[in-house]
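User: I have just opened this one and would like to be walked through it slowly. Could we start with a single residue and work outward from there?

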Amino acid sequence: MRKLFRGLVPGLILSLGLAGFVQAQTDDGLLPVEEAFKLGAKIVEPGRIALHIDIAKDYYLYRERIKAKTSQAGMTLGTLELPPGVRKHDEFQGDVEVYHDAVDAVLPYTLADAAKTIAVTVTVQGCHEIDPKICYPPHPTTLTIAVPDGVVAEPAAAILPAEGSAAGGSAGPLLKLGGAQGLGGGSDDAPLPPEQAFVFEAIAAGPTSVLARWTMPKGYYLYRDKSSVTLADGDGVRLGAPQWPQGVPHRDEHFGEVTVYFDQVELPIPLARDRGDAQPVTVHAEYQGCQDNGLCYPVMTKDVALALPTATAQELEAAKAAFVAPPVATASAADDNALRSTPPEPGAAGILGALLLALLGGLVLNLMPCVLPVLSLKVLGLAQSGESAATARKHALWYTTGVLVAFAVIGLAVVALREAGQALGWGFQLQQPIFVAALVYVLFAIGLSLSGVFNIGAGLANVGQGLGNRSGPAGDFFTGVLAVVVASPCTAPFMGSALAFAFASSSFVALLVFLALGIGLALPFLLVGFVPALASRLPRPGAWMETLKQFLAFPMYLTAVWLIWVLGNQRGIDAVAWVLIGAVVLALGLWWRERHRYTGGTLARAFAILVLLAALLPLVQVARLAVPAAAQAASQDWVPYSAERLAALRAEGRGVLVDMGADWCVTCKVNEKAVLETEAFRDLLRRSNAVLMKGDWTNVDPAITEFLKRYKAVGVPLYVVFRAGEPGDGQALPTVLTQAILEQALSPAR
């Protein structure tokens, strides 16, 4: 909230014209700026101008905001000599100096000719310090001063306000900020009125599109993320997601890393319509920008009336098929508290539908290859409990508890980070190399245990029967947690829709969706544990179980190998070497601990602990490794994703299939092998005049994250089709692809 609040600070220094300024002063009972800060000047001796500023009670001036300049030919100004001010800590400007009551300064100058008058423009900036604090924009006053033969004794007669200056100068409006004040950078040039600094236009570019345009003079720029276009009036018309062009990266002292536009920016916006007859609409624009010397404008608004031409039935259907809704933002850009995204409040039917999809998604997740190794562990546990229905129920309940707790933790983390202004997708934890490396350790250790290298919980057997019994529930609980962790790379068909609903809903509804996913994942084991008919079909314990247990170690090893491959793609071959070294040290520590479990003394146990701790050092090294240089390169079959290349291909009239994936995404790899790497798909691209464009989200990538947010994707895979020669914002495809889906998506609309 504080960061968002500070983002409004640049709006304090905009000039909106004298009429609005006078009205603001009348409403607030404040002095006009020229009365709050009365400026006088005289030439006390040749080459030196004495400036005197009277400051009204309860007002103050900023020392660093007092500036002087001249545009008179043959005249040069020296450095303005100001006395020290009163030190003050400003919330937005830091440590500054201010003046109260009055201030005297000396301005040196030189003249190249015998001028009779000199013209100097003095700019000041200050505030009214009684709550609510209100700050004036920079206020320029141009003074014309007669040059005497000697020292002028009566300064008042020598000072004549220049025509059009501040006795007559312009000043911008005052802006209240709820008890706090802030200032943008100072300016030597008076800022243009907003309608000249940022010229907004909009036209109907066609029956199903609108073109918005901002034009800025030299030295001004527009914020992309602080600008938007919405529909103010239009029956049955909906604006889609805007197609912002590539902007200029900019480091802003108030907003941080932002994207801005200079000179001119055109923004195509697709729209969908319920009827095809010509009709009027009104678009509403909110936008914000700055002068490049630091002076910034508050949010500006403008409404533009448009006339949409007649649309054919085919055009209406194509627009609806390609329609992508813009991100939901319920707070006005002019809201002086913050710019916030508020989740929608769905109805009861929508919530029930989402919970049902989540339940189905969790259930189908059991069939995904990510979860298979952990399911193998659970199958073994259920087989061991086959002799007792009560034991089977305990296994099922503890496993379900672990699943639900893990999903609840993920849900709460996502909600908390969303409230803090962050955005994460499903599987985000696998973008962190240290997490992947730690997961390799976990799966490798489980495999070693199943292979008999060490025995989890055997040492507890002689501590007491009660404590020994606790090892079973703990194992079931953490097996459930592990199932959720390794399930994140997989996306079940129903799971994607449920997660999308969760990420866009209120915190309470989002948490319910995550819990429903957990119930779906644990449902098969709940049924086996609580339905005697199913439990009775499980095989009885016997000698075969030891063989099965050892066999199930190999899926664990294979999963660890896959994660090592993911880690190598994230941080290179050095990361692979470090995690393999760590795994060997981990195996040594576990083996040594098991070998001396009953016969070793304190020294042997201490050595085992030291070795296990040493296995953590490679994780530290993995975390320190930098991301290797991008290895993606264009090939005959695909090109790497970039917003600029995508725009260029579309401008050429080419079709584009954008494939956003990751090395840890199993669904992505299945789609690649089954569809995207086949000769039939390559032939489809040739016939459709289309290009496959790939984006790699294995590591955190802001550009790909922005693309995912644009299409409200909860993670990868995401497939978006842009048909050849057709406008619009593309069409998102299902997460599980088939050749038939792609044939229909890439074929030109009829």
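User: What does the backbone oxygen of proline 309 lie 2.8 Å from?
Analyst: In this predicted model, the backbone oxygen of proline 309 lies 2.8 Å from a polar atom in the side chain of arginine 273. The backbone oxygen of aspartate 277 is also placed beside a polar atom of the arginine 273 side chain, at 2.7 Å.

User: And where is arginine 273 in the fold?
Analyst: Arginine 273 belongs to strand β21, which covers residues 264-273. Leaving aside neighbours within four places in sequence, the contacts of arginine 273 include Pro207, Gly236, Val237, Leu308, Pro309 and Lys320.

User: Which side chain of opposite charge is nearest to arginine 273, and how far away is it?
Analyst: That is aspartate 277, at 5.5 Å, and arginine 273 has no salt bridge although it is buried. A salt bridge needs the side-chain nitrogen within 4 Å of a carboxyl oxygen, so a distance of 5.5 Å does not qualify under that cut-off.

User: How many salt bridges does the structure hold?
Analyst: The structure holds 16 salt bridges. One of them joins arginine 48 to glutamate 81, with the closest N and O atoms 3.3 Å apart. That pair links distant parts of the chain, with arginine 48 in strand β2 (residues 48-55) and glutamate 81 in the loop between β5 (75-77) and β6 (86-90), 33 residues apart.

User: Are those two buried or exposed, or in between?
Analyst: Both partners are partly exposed: arginine 48 has a relative accessible area of 27%, and glutamate 81 has one of 38%.

User: What about glutamate 97, which residue is its salt-bridge partner?
Analyst: Glutamate 97 pairs with arginine 63, and their closest N and O atoms are 3.9 Å apart. Glutamate 97 sits in strand β7 (residues 94-99) while arginine 63 is in the loop between β3 (59-62) and β4 (67-69), so this salt bridge ties together parts that are 34 residues apart in sequence. Glutamate 97 is buried, at 16% relative accessible area, whereas arginine 63 is partly exposed at 27%.

User: Which residues do salt bridges with shared partners join into one network?
Analyst: Glu679, Arg682, Asp683, Arg686, Arg687 and Glu743 are joined into one network by salt bridges that share partners.

User: Changing topic, which residues of helix α21 are buried, and what do they pack against?
Analyst: Helix α21 runs over residues 666-676, and its buried residues are Val666, Thr667, Cys668, Asn671, Glu672, Val675 and Leu676. Those buried residues pack against the helices α16 (553-571), α22 (679-688) and α24 (739-746), and also against the strands β26 (655-661), β27 (690-696) and β28 (718-722).

User: Why would several residues of a helix point the same way?
Analyst: As a general matter, an α-helix has 3.6 residues a turn, so residues three or four places apart point the same way.

User: Now the outside, which residues form a nonpolar patch on the surface?
Analyst: Leu397, Leu527, Phe530, Val531 and Leu534 form one, with about 400 Å² of accessible area together. Leucine 527 lies in helix α13, residues 507-530, and leucine 527 is partly exposed with a relative accessible area of 39%.

User: Which residues have a positive phi without being glycine?
Analyst: Among them are aspartate 101, with phi near 70°, and aspartate 263, with phi of about 65°. For context, most residues other than glycine have a negative phi. Aspartate 101 is found in the loop between β7 and β8 (102-111), and at 57% relative accessibility aspartate 101 counts as exposed. Aspartate 263 lies in the loop between β20 (256-262) and β21, and β21 is also the strand that holds arginine 273.

User: To step back, how many helices and strands are there, and what share of the residues is buried?
Analyst: The protein has 24 helices and 29 strands, and buried residues make up 47% of its 750 residues. Of the contacts with a separation of 6 or more, 76% are between residues 24 or more positions apart. The protein exposes about 34,900 Å², of which carbon and sulfur atoms supply 61%.

Definitions and conventions. Residues are numbered from 1 along each chain as its sequence is written. This is a predicted model: local features need pLDDT of at least 70, side-chain atom pairs count only at pLDDT 80 or more; totals for chains, interfaces and linings use all residues. Side-chain values use heavy atoms; hydrogens and water are left out. Patches are made of residues with over 30% relative accessible area and no salt bridge: like charges are joined within 9 Å, nonpolar side chains (Val, Leu, Ile, Met, Phe, Trp, Tyr) within 5 Å. Accessible areas come from the Shrake-Rupley method with a 1.4 Å probe; for residues, only the protein chains shown count as cover. Helices (H or I, at least four residues) and strands (E, at least two) are DSSP runs, numbered from the N terminus. Buried means under 20% relative accessible area, exposed over 50%, partly exposed in between (1.4 Å probe, protein chains only). Lys and Arg count as positive and Asp and Glu as negative; His and the chain ends are not counted. A polar contact is a pair of N or O atoms within 3.5 Å; within protein, one must be able to donate a hydrogen and the other to accept it, and residues adjacent in sequence count only if both atoms are side-chain atoms. Contact means heavy atoms within 4.5 Å.
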